[in-house]
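Please examine the sequence and the structure shown below. The paragraphs that follow lead through selected features.

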Amino acid sequence: MIRENSPVILSVRDLTAEIDGTPILKGVNLEVRAGEIHAIMGPNGSGKSTFSKILAGHPDYRVTGGEILYLGKDLLAMEPEERAWAGIFLAFQYPIEIPGVSNLDFLRAAYNARQKYRDQPEMDPLEFDDFVRQKLELVKMDPAFLERPVNEGFSGGEKKRNEILQMAVLEPTLAILDETDSGLDIDALRIVAQGINQLAGPEKAILLITHYQRLLEYVTPDYVHVMEGGRIVLSGDKTLALELEQRGYDWLREEVG
Amino acid sequence: MSAAVPKSSVGESDAASFGRSFLEHILSQIPEVEDSHATLRQQARAQLAELGIPTPREEDWKYSDLSPLVAHAFRLAGPGEGDVNRATLEPWLWSESRHSYAVLVNGYFAPHLSDLSGLPSALRLAPLSQAASGGLQTIAKVDVFSALNTAHLGGGIQIELLPHEKVLPPLHLLWITVAPEGEAVLAQPRCLLTLPAYSSLTLIEDHLSWGSGIPFSNAVTEIALEEGSRLHHILVQRQGSQAFHINQTAVRQGRYSHYRLQALQWGSQFSRHNLELAQVEPQAHTHLQGLTLLKGSQHSDTHSRLRHQAPQGSSRQLHKCIVDETARAVFSGRILVSREAQLTDAAQTNRNLLLSPKARVDTRPHLEIFADNVKCTHGATVGQLEAEEIFYLQSRGIPLAQARQLLTYAFAAEILEGIPVAQLPSLVAQQLAPG
């Protein structure tokens, strides 16, 4: 939802970054305001996944130039957990399995860590159990998943739904979803999309990183950006996604590259 | 991984005399008594005259230097020492074995401190001093430490069960070595367990030490599993940070018998667990799981030898070490499949997690196969926490130290599955807590 004078949540200026000395981002500019849903599309290797990881503070990438302001603050000066406490959430393309730690305990540890940081009351196991059961509805997950170890033995679709469940519990201000649609069958895709739509809101912003237009049939973006060669080379509205779907990415390289 | 030069190396010339005065000092404290074990004790003394304390020049002790142990003159502890009473025991008891625990102070059974009321009469516990010698030292491998234990036979416990009896409550043995301040104290726990045909038992051996002195427990447990019997054996070694611990678990398995061991250890400055297992009849199954948690400058060595001597046996072994700071873990696992043991199915894995750049692990899995129709695999890995995994937890708002702890626990979790004491996983988690 695009609104006039809506506050800026994320402002990225001339961002450059590398991994192991190889430049990946070569000057990314992006502004995201409250209420907006942005999609970043692009071919494999264009830097879109790197961009999402840098926003969340992945230690493998080195920012070599530019700046990122989140709610007016210097995001690059914050540790990954501080970013989470401040309301940033990254749904992983490949969620990690944590044997021996139940989903419920993990969610509560994450929730309480943030509450503590914000000087808000923490929840005891009973309170949290009630709280999380309401959130399960959103992703149509069986409560039995709460007792299972985090992501261990989950199917690809279950892992992605579990990411949306974590997002629902942490209620982020800026949610970044990295290829959340990949590997999902149509039913799982619908459930995940519904979850995302319900978690969107006028005070929040969502950044969808995706290769395909598929997810965008269910979650309507306000803006679509195309990344290529470490830069956003084209921006438009949702019709751009459809155009990419029809024409592929190759023409971009010829026209822009 | 290469061998380090031992801290205080032993020269060729004095290897024979290494630890001699250490042994003599202990042997001189053992009283001569005429009882049913006198012959075994004399045999052990004779063996000790030949067996010296091993040095790192010996293959089996290559990574474990006993110099810090033999530097102490240990006093042989007697029964009834220390402030062990119902109140001081309370924090060490578990609800699952609230009425099925036996306390052994300095290796001696203390019935007045034990509660065995939850156990069926088919299960019999008796001090070894009252037992006949039959069965003792028929399973354990003779080495200098088992011989030292045998030379001191008299304490310890014998556990017997009637055939076809299945005991439900876990039997918790608390081996407590009491070392008062300023003293170096030796206790020699000894356990003989026989499970007759088609009986089953869960046995928890729990090694503790009390007091601020230097305890040394030198334990031997011999287990005979007869046809179709099942033992779930949990071994917990949580002695104090000054302690020395050497332990031999020797198991002989008959036809269709099933032995499962979950060995959890995080205590002692120096520990060595010798596992001696033999499948002597067909179709036995052995399932070994080990977890060693080390920090500071702890040293722990697990040496296992599993002999498949009859056809159609199977075994699974998974040993994990988590090593922090400057601690050092050793795993040496041998699986021997003899010519008769056709259709053996054996798999051994050792996985190690190093939490600091100065932590160290030496791992030596090996197979020796003399039968031609078998399925055997082995492998070892050494790794660190994955940056990607730490990042995942941090990105959910979990601070770095807590993220590391959760992932370390996750590495250990597999070993704790099916453990019959709810408190044990939490004790492991506490050990992994930062600081």
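With which side chain does the side chain of B:Gln279 make a polar contact? The partner is the side chain of B:Thr286, at 2.7 Å. A polar contact here is a pair of N or O atoms within 3.5 Å; within protein, one must be able to donate a hydrogen and the other to accept it, and residues adjacent in sequence count only if both atoms are side-chain atoms.

The structure is a predicted model, in which local features need pLDDT of at least 70 and side-chain atom pairs count only at pLDDT 80 or more, while totals for chains, interfaces and linings use all residues. Residues are numbered from 1 along each chain as its sequence is written, chains are lettered from A and ligands numbered from 1 in the order in which they are written, and side-chain values use heavy atoms, with hydrogens and water left out.

B:Gln279 belongs to strand S14 (residues 270-279) of chain B; helices (H or I, at least four residues) and strands (E, at least two) are DSSP runs, numbered from the N terminus. With a relative accessibility of 0%, B:Gln279 is buried, where buried means under 20% relative accessible area, exposed over 50%, and partly exposed in between (1.4 Å probe, protein chains only). A polar atom of the B:Gln279 side chain also lies 3.4 Å from the backbone oxygen of B:Ala284. When neighbours within four places in sequence are left aside, the residues in contact with B:Gln279 include B:Gln253, B:His285, B:Arg307 and B:Ser314; contact means heavy atoms within 4.5 Å.

B:Ser300, in strand S16 (residues 299-308) of chain B, is likewise buried, at 2% relative accessibility. Beyond four places in sequence, its contacts include B:Gln265, B:Ser271, B:Thr292 and B:Val330. The loop between S16 and strand S17 (314-323) of chain B holds B:Gln312. This residue has a positive phi near 60 degrees without being a glycine, and at 41% relative accessibility B:Gln312 is partly exposed. Chain A offers another case: A:Asn151, not a glycine, has a positive phi of about 65 degrees. A:Asn151 lies in the loop between strand S8 (149-150) and H6 of chain A and is buried, with 0% relative accessibility. Most residues other than glycine have a negative phi.

Salt bridges form the next topic. The term denotes a side-chain nitrogen of Lys or Arg within 4 Å of a carboxyl oxygen of Asp or Glu, and by this rule there are 26 over all chains. One of them joins B:Glu24 and B:Arg20, with an N to O distance of 3.7 Å. Because B:Glu24 and B:Arg20 are four residues apart in helix H1 (residues 20-27) of chain B, about one helical turn separates them. B:Glu24 is partly exposed at 42%, as is B:Arg20 at 21%.

Another salt bridge pairs B:Asp206 with B:Arg238, 2.6 Å from N to O. It links distant parts of the chain, 32 residues apart: B:Asp206 is in strand S9 (residues 200-210) and B:Arg238 in the loop between strand S11 (230-237) and strand S12 (244-253) of chain B. Both B:Asp206 and B:Arg238 are buried. B:Lys320 and B:Glu414 meet in a further salt bridge, at 2.7 Å. Since B:Lys320 lies in strand S17 and B:Glu414 in helix H7 (residues 400-416) of chain B, this pair ties together parts 94 residues apart in sequence. B:Lys320 is buried, at 4% relative accessibility, whereas B:Glu414 is partly exposed, at 39%.

The two chains also meet each other. The contact draws 28 residues from chain A and 18 residues from chain B. About 2000 Å² is buried between them, 68% of it from carbon and sulfur atoms; buried area is the accessible area (1.4 Å probe) that two parts lose on being put together, summed over both. Within chain A, the residues losing the most area to chain B are A:Glu81, A:Phe92 and A:Ile96, which together give 26% of what that side buries. The interface has one salt bridge, formed by A:Glu163 and B:Arg396 with their closest N and O atoms 2.7 Å apart. Between the chains, 10 residue pairs are in polar contact, both residues at pLDDT 80 or more. Elements giving two or more residues to the chain A side include helix H1 (48-56), helix H3 (103-117) and helix H6 (156-170) of chain A.
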